[in-house]
Amino acid sequence: MYEVMSKKLLVINILDILNKYSDAEHRLKQKDFIDIPRKEYGMEVDRKAVRRNLSYLLECGYDIEYTEQIRTKKNGEQETIYTDWYIERTFSNSELRLLIDSLLFSKSIPYKQCTELIEKLESLSNCYFKSSVKHVNKQLFYNIEILDEAISKGKQVKFRYNYYDMDYKLHNRCNSEGAPREYIINPYQMVATNGRYYLICNYDKYDNYANYRIDWITDIVLLDTKRKPMKKVKGLENGLNLSKHMADHIYMFSGDSGIVRFRAYRYIISELLDWFGKDIKFADYSEDEVMVTVHANLMAMRCFATQYARHITIISPENLVEQVVDDLRLALKRYE
């Protein structure tokens with residue numbers, strides 16, 4: 001009876017797998033529809049059953065994409081293979097990200113309702129998108145609430161700023177005596193980009209502007225003191241041109257990806273985790289340095305390595321090492 005019921009449920013399970021694991025960047029092979037049911041549902045499935053049930057879903061009008069390939073059998077006959085299956089989403093990840101950002105920065109939606117709406121939006125995508133927004137938590141909501149009030153009232157805030165270390169946990173930035181440092185900040189604008197939330201502000205000790213990750217802020221307090229006027233902050237004398245500011249602080253690339261190894265100073269681990277996420281691997285570390293392995297877009301890594309040349313040294317792949325060396329030589333020539 002269970003086996004019969006399992007066969008009837010197969011089409012539902014395949015649809016669930018498509019919804020949970022696929023999109024245009026994560027396409028499924030026929031083998032995936034055999035391995036995942038065995039692992040998640042304890043269900044043994046053969047290729048013919050997979051192909052048949054995928055056909056049922058197509059006939060029912062589900063917006064499922066796939067690729068056709070022609071394969072030649074040993075006897076010389078040709079057959080058509082259907083592969084690279086994925087389901088088309090009503091909303092793209094970038095559209096969902098935009099909706100979530102709008103909810104986070106809304107001044108009229110209560111925390112509980114905002115959380116529920118974000119969870120519903122997450123359910124419209126797959127597991128990969130959910131993992132990218134897992135940092136949207138209670139602390140982030142609270143920080144945004146306090147910062148929004150401070151910006152609207154023109155007040156300063158005080159908080160502790162943190163960094164990630166190799167234990168993947170946040171740690172307080174400390175002063176020379178080893179005590180957690182307190183930051184007095186003049187907040188001007190909150191922005192969201194690539195799923196990260198930033199505060200554009202001025203650290204009151206200095207006269208230039210700075211960008212702080214909002215989800216790295218803890219122990220935030222709204223102060224009664226007025227914030228420093230923008231005209232007294234270098235780079236903001238004529239106000240904040242948000243579109244230009246964002247364009248100057250972001251870059252994106254397409255192209256091949258691969259495994260990259262490099263040595264880095266440990267003081268930039270926060271930035272490394274920020275860029276590459278927690279799939280980054282650390283090894284062979286000393287008090288000052290660590291060997292890092294990441295899977296990254298090679299063109300983006302080339303730009304990253306040039307930008308962080310004072311802090312990292314590319315070890316492999318060899319062609320990337322050569323490209324970075326050439327980039328640095330060219331950069332030096334421009335200043336000769």
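This report walks through one sheet, the helices that pack on it, and the nonpolar cores of a predicted model.

Let's start with the sheet. It is open, has four strands in the order 10-11-9-12, and its pairing is antiparallel. Strand 10 (281-283) and strand 12 (312-316) sit at the edges with a single partner strand each, so one side of each has no neighbour in the sheet. Going from one strand to the next, the twist averages 30°. If you want to see one pairing up close, look at strand 9 (residues 257-265) and strand 12: they run antiparallel and are joined by four bridges. Here you'll find Ala 264 opposite Ile 312 of strand 12.

Two helices go with this sheet, and here is how they line up:

| Helix | Strands involved | Angle |
|---|---|---|
| Helix 9 (residues 269-276) | strand 9, strand 10 and strand 11 (289-297) | about 170° with strand 9 |
| Helix 10 (residues 298-307) | strand 9, strand 11 and strand 12 | about 145° to strand 11 |

Helix 9 packs on the sheet, while helix 10 lies across its three strands.

Now for the cores. Which residues have the most contacts inside the largest nonpolar core? They are Phe 262, Met 301 and Ile 312, in a core of 53 residues. Helix 7 (residues 138-153) gives the most to this core, with seven residues. Take a closer look at Ile 312: setting aside neighbours within four places in sequence, its contacts include Phe 262, Ala 264, Met 301 and Phe 304. Another core lies apart from the largest one, with 20 residues, among them Val 11, Tyr 21, Ile 34 and Trp 85.

Note on methods: Residues numbered from 1 in each chain as written. Predicted model: local features only at pLDDT ≥ 70, side-chain atom pairs only at ≥ 80, totals over all residues. Heavy atoms only, no water. Pairing = 2+ DSSP bridges. Helix = DSSP H or I, 4+ residues; strand = E, 2+ residues; numbered from the N terminus. Axes fitted to C-alpha atoms, helices over the stretch in contact; angles between N-to-C directions. Contact = heavy atoms within 4.5 Å. Core = buried A, V, L, I, M, F, W, Y, C linked by side-chain atoms within 4.5 Å. Buried < 20%, exposed > 50% of the residue type's maximum accessible area, 1.4 Å probe, protein only.
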